[in-house]
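Reader: I would like to go through a protein model by question and answer. Please keep it plain.

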Amino acid sequence: MPPNQGLRPSVPFNFHAVDERKVLSAPPKIVRPKRRILSGGFRPPQGFSYLMSNASHNDGYTAVRRTYTPSYISPGDIANEEKKVDTITQGYTLFHKVFRPELLNASEANAPIVVLHGGPSIPSEYLYPMVEHVSPNRSIVFFDQLGCGKSSMPGDINAYSIEKAVDDLEVVLKNLGIRRFHLYGHSYGGILAFEYIKRVAEREANYEHETKKGCLSVVLSSAPFSIQMVEEETEALLDDIRKSDNDASTLDERFRIKHQCRTKYMPAPLVDAFKHAGTVWKDTSVIQDYVATVPSEQAANMCPALAMRGEHDFVSEKCIAEWRGVFNHDRVEVRTLEGCSHHGLLERGTLYGEILNEFFSKHDQ
């Protein structure tokens with residue numbers, strides 16, 4: 001399918017989600033213990049909708065495929081030669097929104113920013129305010145990852161993984177014709193951003209010459225280096241809050257105000273994102289074993305990086321500093337935003353934008 005660059009309003013491609021193998025039964029409901037959603041809280045908040053930026057924008061869809069073994073096929077069935085089970089392949093669509101689309105591939109414009117939201121499965125809406133705080137001479141590309149927002153929502157958890165989400169990012173970049181860009185990932189989205197640039201570096205291991213195309217730089221904003229580490233540190237923060245007041249009915253909101261988003265009320269962009277959150281691939285239980293690892297010794301140099309967090313963020317200073325050890329160079333900056341927590345963009349947008357503008361501008365050329 002040739003790139004359509006996604007620059008005009010559109011409806012999903014005519015690419016229906018149809019199994020290529022016959023499935024005989026529906027998957028049972030999967031029950032998991034309650035775990036933290038990295039980009040939000042324990043439960044959807046209530047509030048008012050966010051008013052969209054006045055910047056020009058166009059919406060579109062990208063077609064992707066997922067191949068997986070259905071979750072309701074037991075390992076015993078797979079091992080049984082008389083009940084040989086194959087994978088199934090389904091087609092889905094990912095919604096994307098491009099702000100300032102006229103600048104996306106314009107030679108006189110600065111490189112666009114490709115944004116990866118967190119969650120997992122908290123869609124891009126809470127990051128749209130970035131448009132108001134970064135240089136007006138850039139496009140910004142948002143897309144809802146599979147399972148949330150306006151993208152397709154497979155009901156089988158085996159349709160999801162970090163690796164498959166990185167595959168989707170590559171398809172979106174190709175579909176929009178983006179060859180030179182900055183990559184930004186917030187929270188879980190930072191994990192995806194790191195895994196993408198690591199994949200590219202390992203793929204280009206034998207490439208002898210540096211290029212000014214591809215990913216020019218990456219921002220890991222409040223992104224945990226290790227899920228186990230961030231969960232342990234979050235529990236310690238919750239214990240501290242309980243010591244002052246053990247009222248379970250207010251615990252979530254008190255944690256939110258102190259460590260997630262230090263605003264009196266939940267910001268409307270975050271409210272909107274929660275309204276459209278996914279229900280299958282969600283919270284830290286689905287990525288509980290994740291810890292970032294270094295690329296292979298043969299990998300090409302990864303792009304420059306900025307790892308940032310809020311002063312009061314539940315993603316700790318240690319959890320952010322660990323990112324330095326998994327890049328194969330020393331061009332990793334670490335910043336702490338004074339007075340902010342996990343959602344610095346929604347707390348101190350002007351400061352947040354200044355930091356992004358400064359970093360991206362250094363690496364445009």
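What follows is a set of questions and answers on this predicted model.

Reader: How many disulfides does a search of the whole structure find?

Author: A disulfide is a covalent bond between the sulfur atoms of two cysteines. To count here, the two sulfur atoms must be within 2.5 Å. A search of the whole structure finds a number of disulfides equal to zero.

Reader: Why is there no bond from C215 to the closest cysteine sulfur?

Author: The cut-off for a disulfide is 2.5 Å between sulfur atoms. The closest cysteine sulfur to that of C215 belongs to C303, and it is too far for a bond because the separation is 3.9 Å.

Reader: Is C340 buried or exposed?

Author: C340 is in no disulfide, and the nearest cysteine sulfur, in C261, is 9.1 Å away. Buried means under 20% relative accessible area. The relative accessibility of C340 is 0%, so C340 counts as buried.

Reader: Which strand is I140 found in?

Author: I140 has a relative accessible area of 0% and is buried. Leaving aside neighbours within four places in sequence, the residues in contact with I140 include K97, F99, I113 and V115. The C-alpha atoms of I140 and V115 are separated by 7.3 Å, with their positions 25 residues apart along the chain. The strand that holds I140 covers residues 140-143 and is β4.

Reader: Which residue does D59 meet in a salt bridge?

Author: D59 lies in strand β1, and its partner lies in strand β2, 38 residues apart. Both residues of the pair are buried. The closest N to O distance is 2.8 Å, and the partner of D59 is K97.

Reader: Which residues do the salt bridges that share partners join into one network?

Author: One salt bridge to start from is that of R199 with D167, with N and O atoms 2.7 Å apart. This pair links helix α3, which holds R199, to helix α2, which holds D167. D167 is partly exposed, at a relative accessible area of 32%. Salt bridges that share partners make one network of D167, E170, R199 and R203.

Reader: How many residues apart in sequence are the parts tied together by E333 and K362?

Author: The side chains of E333 and K362 meet in a salt bridge of 2.5 Å, N to O. E333 is partly exposed at 27%, and K362 is partly exposed at 46%. E333 lies in strand β8 and K362 in helix α9, so the parts that the pair ties together are apart in sequence by 29 residues.

Reader: How many salt bridges does the structure hold?

Author: The pairs described above are among them, including D59 with K97 and E333 with K362. For the structure, the number of salt bridges is ten.

How values were computed. Residues are numbered from 1 along each chain as its sequence is written. This is a predicted model: local features need pLDDT of at least 70, side-chain atom pairs count only at pLDDT 80 or more; totals for chains, interfaces and linings use all residues. Side-chain values use heavy atoms; hydrogens and water are left out. Buried means under 20% relative accessible area, exposed over 50%, partly exposed in between (1.4 Å probe, protein chains only). Helices (H or I, at least four residues) and strands (E, at least two) are DSSP runs, numbered from the N terminus. Contact means heavy atoms within 4.5 Å. A salt bridge is a side-chain nitrogen of Lys or Arg within 4 Å of a carboxyl oxygen of Asp or Glu.
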